[in-house]
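Student: Could you take me on a close look at the charged side-chain pairs in this protein, and at its cysteines too? I'd like to see how each residue is placed.

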Amino acid sequence: MPIHAELLRHATEKPDKPALAIDGRSLSYGELHLRAKAIYRFLRELPRSPRRRLDLPGVEKLAALSLGNHIGFAEYFIAATAAPHACAVIDPMMPPERIERIIERLAPDVLVVDDDRGPSAEIGRRLGISVITAGAEPFDLAETEGELSDDAEGIFLIGFTSGTTAEPKAYYRSREQWRRSLDRGRMVFELEDAPSTMCPGALAHGLALYAMVEALDAGSTFHSVRKWDAAAVARILSAEAIVRLVAVPTHIAGIARTWAAEPALTSLRDVLTAGAKLDVNGVEAMRRLFPKARIREYYGASEIGFMTVSTLVGGAIDFPIDRVGQAYPGVEISIRDPDGNDVGTDVPGTIFVRSDLIADGYLWGDDGQAFRVTPAGATVGDLGELDGNGMLRVIGRAGGMMISGGNNVYPAEIESALKACPGIEEAVVFGLPDAYYGQRIVAVVSGETPEVKMLADHCARQLARFKIPRQFYHIASWPMTSSGKISRGQVEAAVISGDGLVLRLSA
């Protein structure tokens, strides 16, 4: 990992300061560094798996972590990303058949799990992979001989996109990319004073993983929970005087709901969101919950890294709510037509990025439909437009476009309009086959149970007539993915099957 030198410095200068705190357990910087060194030594002495066929230049040992938010995640991640090793992070909440396909293709030299009898462990043993259970290591974690290598070159991380396909795409990252990103982020997000950080998301996903690494790089204390629980997170934020929260909007909305009758969380100074666009209602709820916090969001992708950053509340100038901000330092953004021509400002097109933070590529799963690198830059297929001030508005993913009545319609635009409606907390929009329209626009909303006329009238004031949903449904509780995002596929399936998860709103 590209922070080993900083970790050594923190362990030397402040060995007793907590580096991580998860569900009442903590690990100091001194303990984290020593335990990571012991694991690193174990990895060096581990025989290389004869099954590994992946071409990973310069990588000696490949460790796969299927640990969830275990307190030992950081020490194994640090050891497994010290040169010349690399680490693959697997979400243990994925379906077992998907985990099996990933482990079979990776054929790592070791698989680290948090449950010796869980699906990942059983799959690893069945495939002949060496399996280690965190907390029950067959080696001495107090061994302090040697030091972690801080070599700044080469692959250190393999991650997996959380797409809807049966097998997530496997992308890989270099130490140089993350080192550059961390250096810039320390200035952009003002981390020099090592603010204590809470991120309740799954460490197997990019938002929380990066939040943990940047916290350790800055020498701050990183807080999380083993399992998402809005009330537990709110209590920690209240009791621990944490000053920085990094979370997806759905997690923040959950905290706001569970803490609505309690005093505002005045210790928060910074709230950073990503993963979905904030809306007016969400920002207002955050103002009430975190009255002293600056509210910021960023737009990015696993394969491209940071693209834009904005300050919605608490900056010198509050950015427009419908934009995701201006280009991140070192990033150039352009909007291009299907032929690759720059379309200029205020014209929709595909978002392209030039940056030195872009991933090297995919190990597998590259279908050429999302992430691709061209002479014009890199793209993940998102559509958007730039205004004259360089502010980016994201319209949606090209593959998510609906054609209704012969018109191109993007769900994200309708969802943004619905989430600005009083009483609406969240919205999901999709198309269903329709004999007349081609695709019938369907909206599912949460919050106060609304009237169809109110929703339709609200949409009519903000959207073209052909973009107004033809059917509205209400949902009390959203099915979620392990990364804290709404499981859109389950929502759509519930509408189609009429299984009771959603309620059709009548006119």
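**Charged pairs and lone cysteines**

Tutor: Let's start with Glu 415, which is buried, with a relative accessible area of 8%. Keep in mind that we are looking at a predicted model. The partner of Glu 415 is Arg 488: their side chains meet in a salt bridge, with 2.4 Å from N to O. This pair links distant parts of the chain, since Arg 488 belongs to helix H13 (residues 488-497) and Glu 415 to helix H11 (residues 411-419), 73 residues apart. Arg 488 itself is partly exposed, at a relative accessible area of 38%. Under 20% counts as buried and over 50% as exposed, so a value of 38% falls in between.

As background, side chains of opposite charge can pair when their charged atoms come close.

Now turn to Asp 322 and Arg 323. These two form a salt bridge in which the closest N and O atoms are 3.7 Å apart. The cut-off for a salt bridge is 4 Å, so a distance of 3.7 Å qualifies. Asp 322 is partly exposed because its relative accessibility is 41%, whereas Arg 323 counts as buried because its relative accessibility is 10%.

Next come Asp 434 and Arg 440. Their salt bridge has its closest N and O atoms 3.1 Å apart, and here both Asp 434 and Arg 440 are buried.

Salt bridges can also join into a group. Arg 179, Asp 183, Arg 186 and Asp 217 are linked in a network of salt bridges. Across the model, the count comes to 28 salt bridges.

What about the cysteines? A search of the whole structure finds 0 disulfides, and two residues help show why. Take Cys 87 to begin with: the closest cysteine sulfur, in Cys 199, is 17 Å from the sulfur of Cys 87, so the distance is too far for a bond. Cys 87 is also buried, with a relative accessible area of 0%. Then there is Cys 421, whose sulfur lies 7.5 Å from the closest cysteine sulfur, the one in Cys 459. A disulfide needs the two sulfur atoms within 2.5 Å, so 7.5 Å is too far for a bond. Like the residue just described, Cys 421 counts as buried, at 1% relative accessibility.

Technical notes:
Residues numbered from 1 in each chain as written. Predicted model: local features only at pLDDT ≥ 70, side-chain atom pairs only at ≥ 80, totals over all residues. Heavy atoms only, no water. Buried < 20%, exposed > 50% of the residue type's maximum accessible area, 1.4 Å probe, protein only. Helix = DSSP H or I, 4+ residues; strand = E, 2+ residues; numbered from the N terminus.
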